[in-house]
Amino acid sequence: MHCDAASLMQTPLFRNTVQHVDTAHRKLSRLFSVVWYDLSWRFAPPGTFRQRFEQAIVNMPQGICLYDAQDRLQLVNEQFCRIYGQPMASLHMGMRFYDILANSCAVGNYPGRTVEDIYRERKAHIDSRRPGTFLQELGDGRLIAIYHQPLEDGGWVCTYEDITERRRAESRIKFLAQHDVLTELPNRLLFNERLDEILATAREDSPCALLCLDLDGFKEINDDLGHAAGDLLLKEVARRLLVNLRKGDAAARLGGDEFAILLHSASASEAVAAAHRVTVALNGKYDLDQYGEANVGVSIGIACAPAHANEPEALLSLADKALYAAKSAGLGIPRLYDDHLKSETKTTSSRSSLGKKRREPSGLQALRQAANLANDLRVAMHAGHLCLNYQPIYDTCTRRLIACEALLRWNDPIRGNVSPLEFIPIAEDSGLIGPLTEWVLLHACTEAAAWPDPVQLSVNLSPLNLSQPSLVTTVTRVLSDTGLAPQRLILELTEGLLLERSNTVRNALLGLKDLGVELWIDDFGAGHANLSYLQRLTCNVVKIDRGFLDQHDKRRELLGGMISLAQSCGLRVLAEGVETIEHDALLKELGCDLLQGYLLARPMSAESLRALISTSDFSVSESPNLALI
């Protein structure tokens with residue numbers, strides 16, 4: 001497919017691509033024009049410098065063409081011929097620009113266009129004597145960035161660069177910012193944007209419906225067969241969902257084994273019918289390749305707009321309540337929100353619909369177990385059963401210790417070591433997340449106050465912390481009590497925070513920035529954030545999700561694109577999960593700023609960290625990181 005320059009430059013992705021290549025091409029062409037002009041009168045006889053100059057032209061990664069004031073070719077290199085599929089022998093000095101375009105058309109570089117049209121368009125720009133950047137899509141789908149620079153003698157020079165792979169990497173990054181990496185379904189951020197759009201048009205005569213889904217038995221598959229088997233199952237669930245959607249409907253993965261479906265122009269009865277079809281499609285056996293077969297079910301809760309709610313948060317809450325009722329019943333029958341549910345005691349947080357892992361509701365026993373775990377956690381905060389370990393973070397190039405991530409651990413005298421993946425959701429459900437975060441802040445800031453000034457501290461906040469109006473007050477008090485300067489504290493946020501949804505969250509972030517603390521984004525690229533999201537946060541560092549270091553065909557392109565885009569926005573990049581020498585070498589080559597992982601240092605006690613810090617050189621100030629879990 002061919003797109004002319006004007007239409008290509010109207011798309012956001014192409015404009016972004018132009019911005020990346022424009023500066024480099026502009027400098028290169030201007031430098032070339034100056035050198036060429038100087039050589040034209042000072043080094044006309046062949047000599048050593050002229051030979052080196054010609055060698056540089058031959059070995060340039062970009063194609064280049066130089067024309068005189070009569071649009072006749074004066075210089076061309078082999079890279080230009082490779083890009084446009086033209087034999088070097090077919091181009092000669094003094095050849096007209098029109099004839100070169102005709103040759104290019106003949107080999108299929110301009111499908112659907114005549115040489116006259118192309119020449120007229122390009123000639124108009126040449127005669128304007130203005131520099132410019134163009135994007136050309138060739139007949140084989142490759143994208144070429146062309147930079148045009150007029151010369152003082154009336155001639156002009158163009159450089160040509162094949163940016164196809166860069167565009168593909170940027171497209172993939174943009175896709176991953178809005179989609180789940182595993183299933184490639186829309187993620188929570190894109191899902192909520194679509195929910196906003198569909199609710200804006202929902203009326204009594206044109207209703208819509210929201211279906212919240214939770215798989216039954218998924219945890220057992222992960223436990224018995226492993227996470228690889230669970231991943232295969234989730235991919236198949238996503239495929240079955242898409243097969244059973246109407247055109248215009250949308251499915252999303254909210255996190256874990258939670259999914260959602262948006263039905264446009266659907267009444268309550270139509271939504272229930274759709275939920276039954278999805279139930280039939282998802283229930284039953286799944287072939288998990290070498291892991292054998294597995295059986296899962298699905299529970300579905302339904303809420304309709306505008307009958308039940310008009311606002312996104314309210315509709316999510318009601319669908320989530322209906323889901324909990326369906327799951328508690330254990331019958332595998334979809335549940336539509338109704339007046340009976342309105343009067344029931346709310347036994348699960350509506351906030352779990354934003355992606356937090358729900359407890360498996362196996363009746364009163366599960367609820368009692370959760371309550372007991374919450375009570376034990378409350379005791380642990382006061383009985384000395386919680387502690388913080390620290391894992392260093394290093395500068396990629398200098399290997400200077402610049403950061404320390406603190407990891408919250410719970411060693412219960414009866415339960416043993418309790419995973420943060422287990423007790424953090426319980427803390428959020430039971431209302432303990434506020435006191436738990438304050439505990440981490442107090443103990444971590446006390447420890448960090450004894451570190452040298454260049455070392456900062458970062459605490460990972462739960463999304464629920466930001467919804468608490470007292471957060472800024474709590475942070476201010478802890479800093480005052482411990483003597484840690486605000487600029488030494490970094491608060492680490494997750495991509496799942498839906499900042500545009502809540503004035504309380506926005507006000508909290510503004511208050512924290514006014515206080516002087518930094519903001520970092522954790523697990524960037526896991527599927528929720530985008531660059532505009534980061535710019536609204538005015539964050540300082542992005543932490544690339546460790547999954548991007550896993551071996552796959554496009555790992556280098558994706559990592560390089562993410563690092564380049566983040567750094568072009570003024571952000572530093574931290575890669576976590578660095579466990580091999582190959583990881584280290586790749587990230588250093590791609591220009592990643594900070595590294596963390598078992599290859600460099602394992603988590604250690606506060607005492608061991610003090611010993612490490614005492615032997616470290618802090619002549620250059622950098623920023624560390626402390627996380628909640």
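Two rings of Phe, Tyr or Trp (for Trp, its six-membered ring) count as a pair when their centres lie within 6.5 Å, and planes over 60 degrees apart make such a pair edge-to-face. By that rule, the structure you have in front of you, which is a predicted model, holds 10 aromatic pairs. Let's start with two of these pairs and then walk out to the sheets and cores.

**Aromatic pairs**

Take Tyr98 and Tyr119: their ring centres are 5.3 Å apart and their planes meet at 75°, so this pair is edge-to-face. Tyr98 belongs to helix 5 (residues 97-106) and Tyr119 to helix 6 (residues 115-128), so the contact ties together parts that are 21 residues apart in sequence. Tyr98 is partly exposed, with a relative accessibility of 23%, and Tyr119 is partly exposed too, at 24%.

The pair of Tyr390 and Trp451 is also edge-to-face, with 5.8 Å from centre to centre and 80° between the planes. Here Tyr390 sits in strand 12 (residues 386-395), while Trp451 sits in the loop between helix 16 (433-448) and strand 15 (457-460), so the pair ties together parts that are 61 residues apart in sequence. Are these two residues buried or exposed? Tyr390 is buried, at 3% relative accessible area, and Trp451 is buried as well, at 5%.

Here are the two pairs in table form:

| Pair | Centre to centre | Angle between planes |
|---|---|---|
| Tyr98 and Tyr119 | 5.3 Å | 75° |
| Tyr390 and Trp451 | 5.8 Å | 80° |

Tyr98 and Tyr119 also belong to an aromatic cluster, together with Tyr67, Phe97 and Trp156. Two arginines lie over ring faces. Arg122 is placed over the face of Phe134, at 5.7 Å from the ring centre, and Arg240 is placed over the face of Tyr286, at 3.8 Å from the ring centre.

**The five-stranded sheet**

Helix 6, the home of Tyr119, brings us to a sheet. It lies across strand 3, strand 4 and strand 5, and runs at about 130° to strand 5. These strands are part of an open sheet of five strands, in the order 2-1-5-4-3, with antiparallel pairing. Which strands stand at the edges? They are strand 2 (73-76) and strand 3 (132-137); each has a single partner strand, so one side of each is left without a neighbour in the sheet. Neighbouring strands here are turned against each other by 20° on average, direction ignored.

Within the sheet, strand 4 (residues 143-150) pairs with strand 5 (residues 156-162) in the antiparallel sense, over seven bridges. One position to look at is Ile144, whose bridge partner in strand 5 is Asp162.

**The nine-stranded sheet**

Strand 12, which carries Tyr390, is part of an open sheet of nine strands. Their order is 14-13-12-20-19-18-17-16-15, and the pairing is mixed. At the edges are strand 14 (416-418) and strand 15, each pairing on one side only. Strand 12 and strand 13 (residues 401-412) are joined in the antiparallel sense by nine bridges, and Cys387 stands opposite Arg409 in strand 13.

Two helices that pack on this sheet are worth finding on screen. Helix 16 touches strand 12, strand 13, strand 15 and strand 16 (489-494), and its direction makes about 55° with that of strand 12. Helix 21 (residues 555-568) touches strand 17 (518-524), strand 18 (541-544) and strand 19 (572-575), and its direction makes about 170° with that of strand 18.

**Nonpolar cores**

The largest nonpolar core has 78 residues, and Leu386, Trp451, Leu466 and Leu489 have the most contacts inside it. Helix 16 supplies the largest share of this core, eight residues. Beyond residues up to four places away in sequence, Leu386 touches Leu377, Ala380, Met381, Leu408, Arg409, Trp410, Leu436 and Trp439. A second, separate core has 32 residues, including Ile221, Leu234, Leu288 and Cys304.

**A glycine in a loop**

Finally, where is Gly591 placed? Gly591 is in the loop between helix 22 (581-590) and strand 20 (594-595), and counts as partly exposed at 32% relative accessibility. Leaving aside neighbours within four places in sequence, Gly591 is in contact with Ile563 and Gln567. Gly591 and Cys397 are 194 residues apart in sequence, with 8.9 Å from C-alpha to C-alpha.

Conventions: Residues are numbered from 1 along each chain as its sequence is written. This is a predicted model: local features need pLDDT of at least 70, side-chain atom pairs count only at pLDDT 80 or more; totals for chains, interfaces and linings use all residues. Side-chain values use heavy atoms; hydrogens and water are left out. Rings of Phe, Tyr and Trp (its six-membered ring) pair if their centres lie within 6.5 Å; planes under 30 degrees apart count as stacked, over 60 as edge-to-face and the rest as tilted. Helices (H or I, at least four residues) and strands (E, at least two) are DSSP runs, numbered from the N terminus. Buried means under 20% relative accessible area, exposed over 50%, partly exposed in between (1.4 Å probe, protein chains only). A charge sits over a ring if NZ of Lys or CZ of Arg is within 6 Å of the ring centre and within 35 degrees of the ring normal. A nonpolar core is a set of buried Ala, Val, Leu, Ile, Met, Phe, Trp, Tyr and Cys residues joined through side-chain atoms within 4.5 Å. Contact means heavy atoms within 4.5 Å. Two strands pair if DSSP finds at least two bridges between them. Axes are lines fitted to C-alpha atoms, for helices over the stretch in contact, and angles run from 0 to 180 degrees between N-to-C directions.
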